[in-house]
Amino acid sequence: MIEEQCVTVLCICFLLFIRPRDVLTKDLILRGEDREAYWELAYDQKVLDRTPIIEVKVNGDFACLQACLQTPECRSVNYEANYSRQRCQLLKYNRLNAPVYKDAPNPYWKHFDTGLSQFVRIKMHRDNACYVTTCSGNKEAVLSEKDQSKCQEFTDENTFEYDMVSGTIKSHCTDNYLCPQYPHTKWMTVMSGDHPCKYDDKYKFRRAFYGAIMWGEWCLFPENYGVSISGQLLQIGLCTEAASRITFEHQAKPPVKVSFYKTSTNSRSSLDAAIQNTAKYPNTPDWIGYGDTFVFNDWNDYYMLRLQANFLAPENGEYKFYVSCDSYAKLYLSTGKDEGNKQEIAHCLSWVSGWDWSIAYVSQAVTLTAEHLYYMEVVFYEDGGGDRLQVGMKLPGSSTIQMVEAYHLQLIASEMEA
């Protein structure tokens with residue numbers, strides 16, 4: 001029986017380098033002759049509930065992980081550490097594309113996953129240029145590279161690590177973090193030291209549903225509005241069409257499904273009025289994207305969104321949820337993973353200034369069970385001018401409001417890989 005549960009990631013990690021066949025998957029990278037992955041012991045006495053690619057006999061958990069690295073499409077493993085037999089199930093699924101688990105058939109089983117850090121390249125949509133460093137050390141600019149031979153394969157210079165939990169990007173060759181730099185009028189980004197350049201929880205890197213990479217209310221932005229030659233700076237700027245040209249390549253699907261509906265330019269007085277006058281809602285969106293969380297800022301005009309994910313409650317107790325928007329939004333939460341049981345818990349009736357929880361709309365207290373999944377949905381309408389959305393929460397017993405982040409969310413069942 002499949003349970004609506006997960007457990008906290010255990011702090012047992014491996015970093016493996018081997019020289020296998022030329023195979024590339026979403027969470028593992030090939031750099032020259034080396035294939036590389038970070039592994040975490042994610043679940044003890046639980047297994048990922050999917051049919052394995054193959055089951056092999058091994059001698060130890062390290063050998064099981066090596067077998068995965070040598071197998072096309074393998075992304076995680078179920079491993080049985082019984083003294084009389086050691087079995088290794090190689091899976092093409094992991095916590096990002098199919099987070100469905102069940103109790104193990106005996107207490108010897110464990111599940112190893114490739115974690116919530118992903119190897120990525122920072123690329124441009126239009127001309128497939130990429131961004132590179134020279135791996136020379138601190139305070140190094142990140143520059144565009146037009147030479148396709150330097151962008152098609154993973155190299156030390158073009159490989160970055162994106163961490164969904166901390167919201168950081170760092171160079172794979174130096175371990176220095178990508179940091180926006182002042183002055184405000186021309187924020188460039190540099191590889192700046194071996195510690196994250198954190199200001200507060202607002203300023204994390206997050207993937208937006210329309211392709212851009214956000215940093216607070218700003219986005220990664222191409223110098224001169226687009227890469228035309230090599231040597232252009234990677235900057236921080238407005239989250240406009242130019243920002244949406246920059247994206248991560250080689251990434252797992254973000255956890256929030258976002259359906260986009262273009263509306264008429266006739267401003268509606270409420271979200272309900274917009275729904276009534278948008279014939280395509282909810283079943284025939286103009287397009288579908290995926291984002292890390294329920295956050296975006298100043299992107300477009302006259303549109304509706306339906307944002308869907310499963311929320312993984314980190315603690316037992318009473319939660320309060322907060323919604324800040326421009327122009328209108330409703331937040332729904334279900335009693336479990338079933339969308340059919342969703343109920344409206346908060347309604348953003350009119351625009352409020354962003355990134356200020358003191359003036360956000362707040363729900364009544366909602367009692368949730370730790371490690372259980374709850375279907376969450378936001379319906380949003382933008383009627384012109386500024387547009388933004390942020391969803392936050394106050395954990396049981398806490399006085400601090402924090403963002404609902406990517407690591408609190410999972411794909412809904414219909415979006416998992418079969």
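In this predicted model, the largest nonpolar core has 49 residues, and F294, F311, F321 and L389 touch the most other members. Both domain 2 (156-250) and domain 3 (256-415) contribute residues to this core, so it lies between them. In general, nonpolar side chains of soluble globular proteins tend to be buried together.

L389 gives a view of the packing. Setting aside neighbours within four places in sequence, L389 is in contact with residues including F294, V295, F296, V378 and F380. A second core, separate from the first, has 26 residues, and M124, Y162, W218 and A252 are among them.

Two residues on L389's contact list, F296 and F380, also form a ring pair. Their ring centres are 5.1 Å apart and their planes stand at 85°, so the pair is edge-to-face. F296 belongs to strand β25 and F380 to strand β32 (residues 373-382), so that the pair links parts of the chain 84 residues apart. Each ring is buried: F296 has a relative accessible area of 0%, and F380 likewise has 0%.

The whole structure holds 21 aromatic pairs. Another edge-to-face pair is F260 with W299, at 5.7 Å centre to centre and 80° between the planes. F260 is in strand β23 and W299 in the loop between β25 (296-297) and β26 (303-312), so this pair ties together parts 39 residues apart in sequence. Ring pairs join F260, W299, F296 and F380 into a cluster that also includes W287 and Y303.

Strand β23 (residues 256-262) also contains S259. S259 is buried, with a relative accessible area of 4%, and its contacts beyond four places in sequence include P285, W287 and R306.

Definitions and conventions: Residues numbered from 1 in each chain as written. Predicted model: local features only at pLDDT ≥ 70, side-chain atom pairs only at ≥ 80, totals over all residues. Heavy atoms only, no water. Core = buried A, V, L, I, M, F, W, Y, C linked by side-chain atoms within 4.5 Å. Buried < 20%, exposed > 50% of the residue type's maximum accessible area, 1.4 Å probe, protein only. Domains from an automatic or database assignment. Contact = heavy atoms within 4.5 Å. Helix = DSSP H or I, 4+ residues; strand = E, 2+ residues; numbered from the N terminus. Phe/Tyr/Trp six-rings, centres within 6.5 Å; stacked < 30°, edge-to-face > 60°.
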